[in-house]
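Dear colleague,

I am passing a structure on to you with this message, and my notes on it follow below. Please read them beside the coordinates and tell me where you would put things otherwise.

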Amino acid sequence: MKRLRHIVLCLVLPVLCVSWCAGCGKGSYSARMAQALEEARRNNYREVLALASGLAESDPGDPNAWVLKSIAAERSGQAPLALQSALRGAELCPGSFAVQYTAGRLLVQAVPARDREAVTYLERAYALRRDDSRSLSLLTQCLARLNDRRVENYYAILEAIAPAAAKSTEIASSLGVYRMRNGKLREGVALLNNAYRGATGNPLVVLNLARALDRYTTGNTATAVALYRQYLELTRLNPEAAGVRTEIEARVRELTR
């Protein structure tokens, strides 16, 4: 997840720089924005958060300020403030790809994930930038988890514009579960196995495969139990997984009676 956040920052900051430069000449406001961007490059996110908060208050209609505030809060370990800022920015700046995408991404990353809400913002982001694989990838994953039939349409678009992204572990895992839930067992198992082979240390990938084998197939109890136990080991030190771990521990006891 930390790697994802670093990648997102690297992708979003150039967008902010371009947008801000287009509006240079605002005196002290542009100077504060430039300072905030420079502090972000130096990873001084607490300073960025203070500056971005002031910028958002000075000009609530500037999506750059809201995205910067949201990312700074996220990198400072203040997830609720990050999401709150992104949602506020998305409300005030409906025409900004960066803020709509950031709101959708943070809703996906929330604990627990808020996929249904995320879809709204990710669809807005996609409508604003139809060649962006990031919003399409997250949108595909959300719709798959929600068992929404639109997932196949968005997946086809993703395959067309970004074949590598369409083959990602995360896409294969979520789409595999979706297809198994909808009776396409052979296709689903193939996707889930591919995802697992590519990321045996990814707890979500392991859990998706375990649950799919447990719920939608027969004769795979031992494999499902082994995968459940692998998930428990992978999340042993993760407090955010406590609720799911309790559920899985109970299921393992049930399957091994």
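Axes here are lines fitted to C-alpha atoms, for helices over the stretch in contact, and angles run from 0 to 180 degrees between N-to-C directions. This is a predicted model, in which local features need pLDDT of at least 70 and side-chain atom pairs count only at pLDDT 80 or more, while totals for chains, interfaces and linings use all residues. Residues are numbered from 1 along each chain as its sequence is written, and side-chain values use heavy atoms, with hydrogens and water left out.

The protein has 15 helices and zero strands (DSSP runs numbered from the N terminus, H or I of at least four residues for helices and E of at least two for strands). Of its 257 residues, 47% are buried (under 20% relative accessible area, with exposed meaning over 50% and partly exposed in between, for a 1.4 Å probe and protein chains only). Among contacts (heavy atoms within 4.5 Å) between residues at least 6 apart in sequence, 53% join residues at least 24 apart.

Helix packing

Helix α12 (residues 185-198) packs against α13 at an angle of about 155°, with the axes 9 Å apart, and α12 is therefore roughly antiparallel to α13 (angles over 145 degrees count so, under 35 as roughly parallel, 65 to 115 as roughly perpendicular and the rest as oblique). This crossing of α12 past α13 is left-handed, a term used if the near helix is turned anticlockwise from the far one by less than a right angle, with right-handed used if clockwise. The residues that meet include L192 and Y196 in α12 and L209 and A212 in α13.

Further along, the axes of α14 (residues 221-234) and α15 (residues 242-255) come within 10 Å and cross at roughly 150°, so that α14 and α15 are roughly antiparallel to each other, again with a left-handed crossing. By contrast, the axes of α2 (residues 28-41) and α4 (residues 63-75) come within 12 Å and cross at roughly 30°, which makes α2 roughly parallel to α4. In that pair, Y29, M33, A36 and L37 of α2 meet N64, A65 and L68 of α4.

Nonpolar cores

The largest nonpolar core (buried Ala, Val, Leu, Ile, Met, Phe, Trp, Tyr and Cys residues joined through side-chain atoms within 4.5 Å) has 57 residues, of which L68 and L122 touch the most other members. Helix α6 (residues 97-109) gives the most to this core, with eight residues. A second, separate core of 18 residues includes L209, A212, L227 and A241.

Two buried polar residues

D214 lies in α13 (residues 203-216) and counts as buried because its relative accessibility is 17%. A polar contact of 2.7 Å joins the side chains of D214 and R251 (a pair of N or O atoms within 3.5 Å; within protein, one must be able to donate a hydrogen and the other to accept it, and residues adjacent in sequence count only if both atoms are side-chain atoms). Leaving aside residues up to four places away in sequence, D214 touches A224, Y228, R251 and L255.

T235 sits in the loop between α14 and α15, and at 3% relative accessibility T235 counts as buried. A polar atom of the T235 side chain lies 2.9 Å from the backbone oxygen of Y231, and a polar contact of 3.0 Å joins the side chains of T235 and R245.

With best wishes
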